[in-house]
Amino acid sequence: MNGPGLFTAHVPGTSVVHRMPLWLKLVGVLVVGATPWFAQSVWPLAVTTVVLVGVVLAARLPARRLVRSMRGLLPVLVVLLAFQWWSRDLAYAVRVVLGIVNAFVAAGILTATTPVTDLLDGVVRAARPLRRVVDPEVVALTLGVVVRSVPWVAGSFSSVRESARARGLDRNPRAVVVPTVVHVVAFARSTGEALAARGLTDPADDDAPGPDGPGASSRSAG
Amino acid sequence: MTEVRLEAATVTVPVDGSPGQRTRTILGPVDLVLTESRVTVIGANGSGKSTLLRLLNGLVTPTSGTVTVDALDTVRHGARVRRRVAFAFTDPISQLVMPTGREDVELSLRRLHRSRTERRAAAERVLERFGLAPLADQSVYDLSGGERQLMALAVVLATEPGLLVLDEPTTLLDRRNTLRLRSLLDSLPQSVVVATHDLELALHADRTLVVDEGRIVFDGEPATAVERYLALSDAT
């Protein structure tokens, strides 16, 4: 399994970034994500990159996590840069790549400085107006599981690639993609079963504490 | 003490591609009343142990017959049953659905404590009780197999269920962690039902069930049950 990247886990801390309200961090991520749409040159994006590096330092996030996260993204960025350079021009290609890097780092800072449970609370609040259509707790839980699953999928891909290499099949995309998909589906099933076993997928309106409510049986246990 | 009652509980599955939707019985019919504090379940791979365990908290519902926990039917009152019956899987990494143990314990407590402050305090108490506070903020991927298994148990026990069901909890553990887990299980106030291939663990019970080809072929004293299981294994 891969080591932790920025998205893997919350990095506890007391920095000003950690203490920022969730809404402010989310607005920050949105602004960073929207910058490429408005930037007419590479400079606003380069300044954003410098600011984000400053935020990483201010939050005292381990630099190796940032490097590790970026290493996984690097092949995609290189291909994208080459394609955009070929199809448009170098300045445009750099803008596209910097835009993606900035959005990736901004999202990473958000997940690294915010406990997932706080993110869940934020999503539940945000999704409350939609509660007639969808259970806000389910939306929040889905987000939490997605955040948790990203490193697992990356680790699974890495393990499968190593197995394929050991069998001399590392140049065969099917030998890597098919087993990874099978692993991911199995992981999704077992995660779903674990959530169901914990009652986390049960309807929220069925959980009013009463004679049979939470903890009732433990009072008679033992 | 939690009472689990199975009456003619049968689980069948459709046989893929068969004409006329043929079905295959993978468990039952089973008639059981479990009231003991410690029950172990032993049997070969594919014998029906896991299906039997999944019936107890409604993860699997019987195709025919009934399963009740403290008189609550697992089909009609599934959510209430799951609050009483915690389930721990063989592989804890599929059970830990949040990036860190602390966040996972807090997730378990979301419905019990709406206030974030109360939830944090309750999670801290749970982690302290299991001696896991120093590991609480580590990525679940950075924990050892034994630490993950203990964290997974803390996560499901956080809501203080009456019954804990464990499906082969020692399969991925070394001996030291197996002993640590056994000692933890001994100390729990909850009723415990464990399916296991670890015959030493199987002997730590008030009652042992031997499952073979979807049937309970022995139900009684653990030492006799283990002898029966060994005889069955040697015969095949």
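Biologist: Is the crossing in which α4(A) passes α5(A) left-handed or right-handed?

Modeller: This is a predicted model, in which local features need pLDDT of at least 70 and side-chain atom pairs count only at pLDDT 80 or more, whereas totals for chains, interfaces and linings use all residues. Residues are numbered from 1 along each chain as its sequence is written, while chains are lettered from A and ligands numbered from 1 in the order in which they are written. A crossing counts as left-handed if the near helix is turned anticlockwise from the far one by less than a right angle, and as right-handed if clockwise. For α4(A) passing α5(A), the crossing is right-handed.

Biologist: At what angle do helix α4 and helix α5 of chain A pack?

Modeller: Helix α4 of chain A covers residues 63–87 and helix α5 of chain A covers residues 90–113 (helices are DSSP runs, H or I, of at least four residues; strands, E, of at least two). Their axes, lines fitted to C-alpha atoms over the stretch in contact, lie 8 Å apart. The angle, on a scale from 0 to 180 degrees between N-to-C directions, is about 155°.

Biologist: What is the orientation of α4(A) relative to α5(A)?

Modeller: Helices α4 and α5 of chain A pack at about 155°. Angles over 145 degrees count as roughly antiparallel, under 35 as roughly parallel, 65 to 115 as roughly perpendicular and the rest as oblique. The angle therefore makes α4(A), relative to α5(A), roughly antiparallel.

Biologist: How many nonpolar residues does the contact of α4(A) with α5(A) have?

Modeller: Residues are in contact if their C-beta atoms, placed from the backbone, lie within 7 Å. Among those making the contact are Leu73(A), Leu77(A) and Trp85(A) of α4(A), together with Val96(A), Ile100(A) and Phe104(A) of α5(A). The contact has three polar and no charged residues, and its nonpolar residues number 12.

Biologist: Which element gives the most to the side of chain A that touches chain B?

Modeller: In the interface, 37 residues of chain A are in contact with 39 residues of chain B. Elements giving two or more residues to the side of chain A are α6 (116–127), α7 (136–166), α8 (173–197) and α9 (216–220). With eight residues, the element that gives the most is α8(A).

Biologist: Which strands stand at the edges of the six-strand sheet of chain B?

Modeller: The sheet is open, with mixed pairing and the order β6-β7-β8-β3-β9-β10 (strands pair if DSSP finds at least two bridges between them). Inside this order, β7 (163–167) and β8 (191–195) of chain B pair in the parallel sense over five bridges. Each edge strand has a single partner, so one side of each is left without a neighbour in the sheet; these strands are β6 (85–88) and β10 (215–220) of chain B.

Methods
Two residues are in contact if their C-beta atoms, placed from the backbone, lie within 7 Å. Ala, Val, Leu, Ile, Met, Phe, Trp, Tyr, Cys and Pro count as nonpolar, Asp, Glu, Lys and Arg as charged, and the others, Gly among them, as polar.
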